[in-house]
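Okay, my turn, so let me put the structure up on the screen. I'll go through the ligand shells, then the domains, then the core.

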Amino acid sequence: MSAGASIVTVTLNPSIDQTASIPNFTAGEVNRVAWEQSDAGGKGVNVASFLADFGHPVAVTGLLGAANQELFVRLFAEKGLIDRFVRVPGHTRVNVKVVDEVGHRVTDINFPGITTHGEDLGAVSAAIDTLSDEGGEIFVLSGSLPAGASPSIYREFVTRLKARGRSVVLDTSGEAFAQAIEAAPDVIKPNIDELAELVGHHLEDETAIVTAARALRQRGIHLVVVSMGSRGAIFVSADAAVHAAAAPVSIKSTVGAGDAMVAGIIHSTLQHLGVEECARLATAFSLGALGEIGPRLPPRDVIEAFTYQVTTRLIAA
Ligand SMILES: Nc1ncnc2c1ncn2[C@@H]1O[C@H](COP(=O)(O)OP(=O)(O)O)[C@@H](O)[C@H]1O
Ligand SMILES: O=P(O)(O)OC[C@H]1O[C@](O)(COP(=O)(O)O)[C@@H](O)[C@@H]1O
């Protein structure tokens, strides 16, 4: 392609993440905001931004409200992201992230987003085809769907991309996730709740998680990564099942930790790392996001240093 982006992220429901710092945040009470910060966000936008930090050329597409696109346009320019977002009338949603630095908790309030129409989604589909023609190799489909989008849309995208021989990384939930699994994306990164919802039962221990992940691998998914918040993540590939975790030095905000893990997985894959090294580096990406307010990563050398804090363990068959 002209600008040479081999990675494309698709965000159908981006967001402006408005962080509100509220010490001792209490539901049901009047809470006062100490300081605030707004960032362009949404899962695919974050993954693209993090990969750009590691020097990868990335194109971004999806649906963007024309009425409040400034933060996004600025981010795309700062990070050198190739902007193929389809503009739609109205505002991109604003998701509120309440950071309580006293209670050490983050509360996410995620809005449904704009209501979309068939022609907008058709334009995104066309943008994906064009980006694939132009040399896109790895497509990342991330995040919730806006109202009006069919839950089959990710399945359709996965099917089209795989028919063109492209790799697909999927990070979503609910019905859209369940349907997309049928088209066998190459990599998935559900968190443990999303995986439990998919398989329809509680995953009580590591064995249950690995069993569920291996069943998904049988359906053609090469790498299944199950993230578990403070309990780390389990990476299941053809070669092994690996648990990776670290105790972060400080957690400023959990926003973007999952997206950082997705970016770390893609970066590791492009470096041809094995599953254990991938688990280590992807976890270091997440640690990086935890130490920043909003969806951000620290400098690359800080993330590389974090790899030494990560403990990996091979899970016995
Ligand atoms: N409180 C925490 N302590 C340590 N690591 C964490 C914490 N929260 C998240 N992480 C790291 O970030 C990764 C992704 O976080 P998680 O909350 O599971 O993702 P998601 O936001 O997609 O649900 C985890 O697998 C873990 O490595
Ligand atoms: O599309 P969803 O599932 O509503 O998630 C959107 C939110 O997730 C984020 O991408 C952060 O995701 P993670 O914390 O899972 O990395 C935010 O930027 C955004 O507000």
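So, the shell around ligand 1: α8 and α9, that's 275-290, each put in at least two residues. There are 16 residues around this ligand in total, and the ones that come nearest are N191, S227, A233, G258 and S286. If you're thinking about charges here, the shell has no charged residues; it splits into seven nonpolar and nine polar. And yes, this is a predicted model, so please hear everything I say with that in mind.

Now ligand 2. This one has 17 residues around it, with G41, G143, S144, G258 and D259 the closest. Three elements give two or more residues each to that shell: β2 at 15-21, α1 at 43-53, and α8 at 257-270. Which of them gives the most? That's α8, with three residues. By class we get three nonpolar, 11 polar and three charged residues around ligand 2. You'll have spotted G258 in both lists: it's among the closest to ligand 2 and among the nearest to ligand 1.

On to the domains. The assignment gives us two, domain 1 as 1-26 plus 33-170, and domain 2 as 186-317. Their centres, over C-alpha atoms, are 20 Å apart. The contact between them takes 25 residues from domain 1 and 20 from domain 2. On the domain 1 side, the elements supplying at least two residues each are β2, β3 (35-41), α1, β7 (94-100), β9 (138-142) and β10 (167-171). The top contributor there is α1, with seven residues. That side of domain 1 divides into 12 nonpolar, eight polar and five charged residues. And to tie this back to ligand 2, its shell draws at least three residues from each of the two domains.

Last bit, the core. Where does the largest nonpolar core sit relative to the domains? Both domain 1 and domain 2 give residues to this core, so it lies between them. The core has 90 residues, and F235 and F285 touch the most other members. The largest share, 10 residues, comes from α9, which also turned up in the ligand 1 shell.

If you want to click on one residue, try F235. Skipping its neighbours within four places in sequence, F235 contacts L223, V225, V242, A244, V275, C278 and A279. As a general point, nonpolar side chains in soluble globular proteins tend to be buried together.

That's me done, happy to rotate things on the screen.

Technical notes
Residues numbered from 1 in each chain as written. Chains lettered and ligands numbered in written order. Predicted model: local features only at pLDDT ≥ 70, side-chain atom pairs only at ≥ 80, totals over all residues. Near = placed C-beta within 6 Å. Helix = DSSP H or I, 4+ residues; strand = E, 2+ residues; numbered from the N terminus. Nonpolar A, V, L, I, M, F, W, Y, C, P; charged D, E, K, R; others polar. Domains from an automatic or database assignment. Contact = placed C-beta atoms within 7 Å. Core = buried A, V, L, I, M, F, W, Y, C linked by C-beta atoms within 7 Å. Buried ≥ 20, exposed ≤ 12 C-beta atoms within 10 Å, placed from the backbone.
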